[in-house]
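Have the sequence and the 3D view ready, and let us go through this fold together, step by step.

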Amino acid sequence: MKKILIAVSTFLMFSAASCQTSTNTKTINSTPGTTMNSDFNKTDEEWKKILTEDQYYVLRQKGTEPAYQGKYTMNFEKGMYTCAGCGYELFTSDQKFESHCGWPSFDNEIGGGERVKKIKDVSHGMIRTEIICARCGGHLGHIFDDGPTKTGQRYCVNSLSINFKPEKDAGKTK
Ligand SMILES: [Zn+2]
């Protein structure tokens, strides 16, 4: 009888352990990756339905909004900036600074550099580095290495490419 009990409890312990292992594996797999997610790999027609005409022009056709016209250029409220195409959290208000260039500027991005993809851009007779959302491929703006803060970087982003979530609203989405 005792032997059976030991066998049963050993079996239970083993199943509990293996259950935990599989849960851990799941958590690791669900971490956002660096590859483009197929859920956000939409056709032009699909993007047109989701985005405004101006957002479509900037995000999908790599347009640029006029300087000082964007709604977030002079926004210095506390909060989070997300991709206007897919909602990916890209920048925080702590990374934003006044660059006097006419567009919202950030000196860094959230995470370890996997959320904003950098691409060499030789259009308009200039050599620049374009920045896009790593999840949906939406055009954000350009990055320059003349930033005044310790990172030395200036992510020059169109207001139309991002949405702002004020910190006071952050608890409501949970
Ligand atoms: Zn995106």
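What follows goes from the overall layout to the sheet, and then to the nonpolar core.

Keep in mind that this is a predicted model. The chain has 174 residues, of which 24% are buried. Its secondary structure amounts to 3 helices and 9 strands, and the order is easy to remember: starting at the N terminus, you meet the helices α-α-α and then the strands, β-β-β-β-β-β-β-β-β. If you think in contact maps, take the contacts with a separation of 6 or more: 53% of them link residues 24 or more positions apart.

Now to the sheet. Which strands form it, and in what order? It is an open sheet of 6 strands, arranged β3-β4-β8-β7-β6-β5, with antiparallel pairing. The edges are taken by β3 (96–97) and β5 (116–121); each has a single partner strand, so one side of each lacks a neighbour in the sheet.

Begin at the β3 edge. Here 2 bridges connect β3 with β4 (residues 105–106), and the two strands run antiparallel. To find the register, look for Phe-97, which sits opposite Ser-105 in β4.

Next, move to β7, which is joined to β6 by 4 bridges in an antiparallel arrangement. In this pair, Glu-130 faces His-142 of β7. The hairpin of β6 and β7 has 5 residues between the strands, and Gly-137 adopts a positive phi near 80 degrees there. Another 4 bridges tie β7 to β8, again antiparallel, and Ile-143 stands opposite Tyr-155 in β8. Is β7 mostly covered or mostly open? Mostly covered: 5 of its 6 residues are buried.

That leads us to the core. In soluble globular proteins, nonpolar side chains tend to be buried together. In this model, the largest nonpolar core comprises 23 residues, and Cys-83, Leu-90, Cys-133 and Val-157 are those with the most contacts inside it. Which elements supply at least two residues each to this core? They are α3 (53–59), β1 (79–83), β2 (89–92), β6 (128–133), β7 (139–144) and β8 (154–157).

Finally, zoom in on Leu-90. Setting aside neighbours within four places in sequence, Leu-90 is in contact with a list of residues that includes Cys-83 and Cys-133, and both of these are also named among the residues with the most contacts inside the core. Other contacts of Leu-90 include Tyr-81, Thr-82, Glu-109, Ile-110, Arg-115, Val-116 and Ile-162.

Key
Residues are numbered from 1 along each chain as its sequence is written. This is a predicted model: local features need pLDDT of at least 70, side-chain atom pairs count only at pLDDT 80 or more; totals for chains, interfaces and linings use all residues. Two strands pair if DSSP finds at least two bridges between them. A nonpolar core is a set of buried Ala, Val, Leu, Ile, Met, Phe, Trp, Tyr and Cys residues joined through C-beta atoms within 7 Å. A residue is buried if 20 or more other C-beta atoms lie within 10 Å of its own, exposed if 12 or fewer, and partly exposed in between; C-beta atoms are placed from the backbone. Two residues are in contact if their C-beta atoms, placed from the backbone, lie within 7 Å.
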